[in-house]
Amino acid sequence: MAKVMLEQVTKQFGNVVAVNNVTLDIPDKQFTVLVGPSGCGKTTALRLIAGLEEATSGNIYIGDRIVNDVAPKDRDIAMVFQNYALYPHMSVYDNMAFGLRLRKYPRAEIDRRVKEAAEMLGIQELLGRKPKQLSGGQRQRVALGRAIVREPQVFLMDEPLSNLDAKLRVQTRAEIKKLHARLQTTTIYVTHDQVEAMTMGDRIVVMKDGVVQQVDSPLNLYEKPANLFVAGFIGSPAMNFLEAKLAKQDGRMFVDGGVFRAEVPREYIPKLAEWEGRSVIFGIRPEDIHDRALVQSTDGAAVVRATVDVHEPLGSDVILYLTAGEHSIVARVDARSQARMGQTAEVVLDMKKMHVFNPDTHAAIL
Amino acid sequence: MTPPTGAAGEGRRPGVVAAAALAQTLLAANALLVLLPIGFMVLSSLKATREIFQRPFALPVVPRWQNYAEVWGAAHFAVYFRNSLIVTVASMALILVTGTLAAYALGRYRFRGNDLIFLFFLSGIMVPIRLAIIPLFIMMRDLRLLDTVWSLILVYAASGLPSAIFILTGFFRTLPPELDNAARIDGAGELGILITVLLPLVRPALAIVTVYNIIPIWNDFFFPLVFIHQDRLKTLPLGLTVFFGEFQTNWALLFAGLTLAAAPVLALYVVMSQQFIKGLTAGAIKG
């Protein structure tokens, strides 16, 4: 087990900068998720740590050692690939034993480790089969097993669940978490799926265009996104962004969106003082918008009248796509809501959960 | 043979049946066309020369197995056979080893000049090697390789490499790149990746390359005729010409010799045909 550190690491492919001056500190034993849209450099970052790509500049540490010039096999890492990359001509047992055999472990030790990992993953009865004879989920387990038997310092996982169907993905997600709790091996996990990132990571690294946007715990990412991108990326449906002005009147502050006017909670006013009278991007999550009829008090909240364009009942709650003036708003309201398509609805914004972003730099102000 | 698929589905329409029947008829006709001369050769090898002319299509009255013994003993046939074996095996080994290594590099690594080198090898397919016989002769003479088996082995290897590299590179490129990376992280060296992980997966391609090259090499008459003068270094196709006399040809012995000469290649073809078919259809279906 070891910590992993990236120090001002840049990777260029020709003119394309895939990873741009990334500095990351991944503590020992932690489960860190790299997340971002495709092409954001997360997989390249992982491959740099694995040694499958060479950094254009900067240093990569595993433990206390700089591994820039260390071959992948000597970095003491194991990697799980998106398409599993099992050796098709070898049995499950041989797939798992391959790395140990190359490292000249004694036969008995190999056998012990393979059987132990197989038991942990519940694939004992598959050891004699070829990958072709396995289902996707089983192949995934074998790929994990191949990583586990090596007992490496660091696990690297590149979208290991994206080839599984939805149900199996949720199940395997939990199993990988359990596995990490048991083995306590530092794990770096790449995904484009923010739900996967939120549910699995101790810590999440959000990347975009090769640049790290924010490194934080899942809850902090959700509650205190550092910028517009993170705010929009984390959470589903995505946060609403509305162009608005901050207006002050009689010592109170309002978010003025034209068709609505919402009061800013008193405790936020000092932070927003310098933006008074200026345009900002006002953000509010769909789950922080409620049906007015179902809210007992509207203190500290603001009411918006809007037309319901689409009404999506999910059972547990209802997603409403609303139009208010030139604003499009998505709201996730209580299932008992009586709002229907084509009608006018009144919704309440929970202003305690409001976000404000700088319209030019997109950085969070509040 | 693989079981027929596709057209044999339920609800087949008359057009499909007719097309399948036509295809089967053509294939059967082709098989007949190829097999008849072989059968005729084997039949004739068991007759006396007189009998061949008197009753060319009949079964031999009494099979003359002694023809084979006679041919094997006569006219250095065993020596020719051994020479052919040496030349063919050595050429094939050279083609497979160097071809695989070249195709591995071209198919699995991206580097500057990759495509250029690949095209250079490909251009070899377009040039008939027999056109180069005079420069090749001069080169062999200068290297003092004339009248040695090396003159044949080197020329055969060189002429087989372009197609071998073309076929193998294509196969290597179809394998997912993560396989190499997985093996690399597991601790395999670059040569180890090739031998332990990739080679078993391109076996069908190796079979194609073998079958594709071995028959022309085994059967080649041209280069031994030009390069080889000593009788003890002649290969089978050249050696068999001793049975063509100026005034008289011992047809019975010639056919026995031809049968013996064809046997190893036929056997190899039968053994490898499964791999060969697998190779030709690889990539057609995923998995």
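Let's start where the two chains meet: 18 residues of chain A are in contact with 14 residues of chain B. Keep in mind that this is a predicted model. On chain A's side of that meeting, the elements that supply two or more residues are β6 (77–80) and α2 (92–102). If you sort the residues on this side by character, you get 12 nonpolar, three polar and three charged.

Helix α2(A) is a good one to follow further in. Eight of its 11 residues are buried, so the rest of the structure largely encloses α2(A). The buried ones are Val92(A), Tyr93(A), Asn95(A), Met96(A), Ala97(A), Phe98(A), Gly99(A) and Leu100(A). What do they pack against? Within chain A, the partners are α3 (107–121) and α4 (136–148), and chain B adds α8 (177–186). So the surroundings of α2(A) are drawn from both chains. After the helix comes Lys104(A), which has a positive phi, near 60°.

Now zoom in on Tyr93(A), a residue of helix α2 of chain A. Is it buried or exposed? With 20 other C-beta atoms within 10 Å, Tyr93(A) counts as buried, because the cut-off for that label is 20 or more. Which residues does Tyr93(A) touch, once neighbours within four places in sequence are set aside? Its contacts are then Val114(A), Leu127(A) and Gly128(A); Val114(A) falls within the range of α3 (107–121). For a sense of scale, take Gly325(A), 232 residues from Tyr93(A) along the chain: the C-alpha atoms of the two are separated by 63 Å.

Methods. Residues numbered from 1 in each chain as written. Chains lettered and ligands numbered in written order. Predicted model: local features only at pLDDT ≥ 70, side-chain atom pairs only at ≥ 80, totals over all residues. Contact = placed C-beta atoms within 7 Å. Helix = DSSP H or I, 4+ residues; strand = E, 2+ residues; numbered from the N terminus. Nonpolar A, V, L, I, M, F, W, Y, C, P; charged D, E, K, R; others polar. Buried ≥ 20, exposed ≤ 12 C-beta atoms within 10 Å, placed from the backbone.
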